[in-house]
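Trainee: Please take me slowly through one part of this model, and tell me how its surroundings are arranged.

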Amino acid sequence: MIEPFPLIEISGPPRERGRQYGQKAAGRIKKGTTHYFAQLKELSLDANGVAALVRDYVPVIEGFEPDYIEEMRGIAEGADVPFEDVVLLNARTEIIKLANPAIRARLKTPEDPDGCTGVVVMPQAAASGRLIHAQNWDWKRECAETAVVLKVRRDDGPDLMTFTEAGALGRCGFNAVGIAITANYLESDRDYRQVGVPLALIRRKVLENEHLALAMRAVYCTKKSAANNMIVSHREGVAIDFECAPDETFQVHPQNGLLVHANNFLSPVALSKLKDTGIFNTPDSLYRDIRVRDLLQPHIGSITFDTVKNALFDEFAYPWSVCRPPRRNLSNNLSATVAMILMEPASGLMQAAPLPALNREFTTYRLEIDEIGRAAFKRSVAAAGAA
């Protein structure tokens, strides 16, 4: 039996909901921090060394959103772990990669690429007429035991639901007004030359926005340390794939009702301006998006969750396949498709299966959607116009 991802529900102001999160997910948070700190041992970093790295980076997070520091402090209190451990869960790669060269030189094993295959099925291509946003998350096999589905009830914006590693503030998900995001690894020759906002926190910021324009602004304009691909969609039929370099963002749009992206740059503009250095670590990216698109295209107009699942279960070129079984990657670390996640933001529905190459049991999670807010906004606009 492979254990489903637990649902963690939290509410209140940032510090309080952080405490609730830490208490409810304490076991998974501690397991996750233990795993990552084992990797840091090869940097000869003790707790004091880690704390020093985190202290240098905290002002970057505070400058982006002070509430996130408060929420992390609450998580640490609730889970009874050091605050620095929680910051590392949310900004691990940026903190290590931007550390001084002497520390980086001691890193024997490079950071694993965070693979993924992301999919959006536009309403006109779906059998239900409702947008589907989905992905396979390829990462460390151990994370199947440390991930959670987090539901956040907010007083200062739309409620949200995110699939994430326990203790982290966000990864992929959607909010009550129908904005959704998935993300996947990209790598370019511009990476880690500047200090930027941790990618996980940009994704959380997307989910906190009530307006699609501001959600897309957070992706497009926020300074990053490294490349990343983020697909942002809206339940009423808008989706844009943002291929982000640290200092520039490129767009890929749906074609024939489908948007599919793996781990290589696709934008001709991007490829004319930078070097895609990620293929070295993720050569299977060159065909994973092609496979998923080819499997979905014959069903355009009648695509369902099951159609998307079948495409994401694809075993072509196994074990270097869309659905990756636990196997050693090019860094000799145990990697797998940790989760398959499907979302239908218009109905507040998420389904997720851990280790789908070994397990096809999905758990359903629901978020109450906001139909009132949109109507109220239209009424306020009309009233302002009449005045």
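Mentor: Let us start at M72, which, once its neighbours within four places in sequence are set aside, is in contact (heavy atoms within 4.5 Å) with I61, F83, V86, V87, N90, L169 and L201. This is a predicted model, in which local features need pLDDT of at least 70 and side-chain atom pairs count only at pLDDT 80 or more, whereas totals for chains, interfaces and linings use all residues. Residues are numbered from 1 along each chain as its sequence is written, and side-chain values use heavy atoms, with hydrogens and water left out.

M72 is among the residues with the most contacts inside the largest nonpolar core, together with F163, V219 and I341, and that core has 79 residues; such a core is a set of buried Ala, Val, Leu, Ile, Met, Phe, Trp, Tyr and Cys residues joined through side-chain atoms within 4.5 Å, where buried means under 20% relative accessible area with a 1.4 Å probe, protein chains only. Its largest share, eight residues, is supplied by helix α5, residues 83-97, a helix being a DSSP run of H or I of at least four residues and a strand a run of E of at least two, numbered from the N terminus. Another core, of 23 residues, lies apart from it and includes A125, I132, V292 and F313.

Turning to strand β8 (residues 228-234), seven of its seven residues are buried, with N228, M230, V232 and H234 on one side and N229, I231 and S233 on the other. β8 pairs in the antiparallel sense with β7 (residues 179-185) over seven bridges, pairing requiring at least two DSSP bridges.

Note on methods. Buried < 20%, exposed > 50% of the residue type's maximum accessible area, 1.4 Å probe, protein only.
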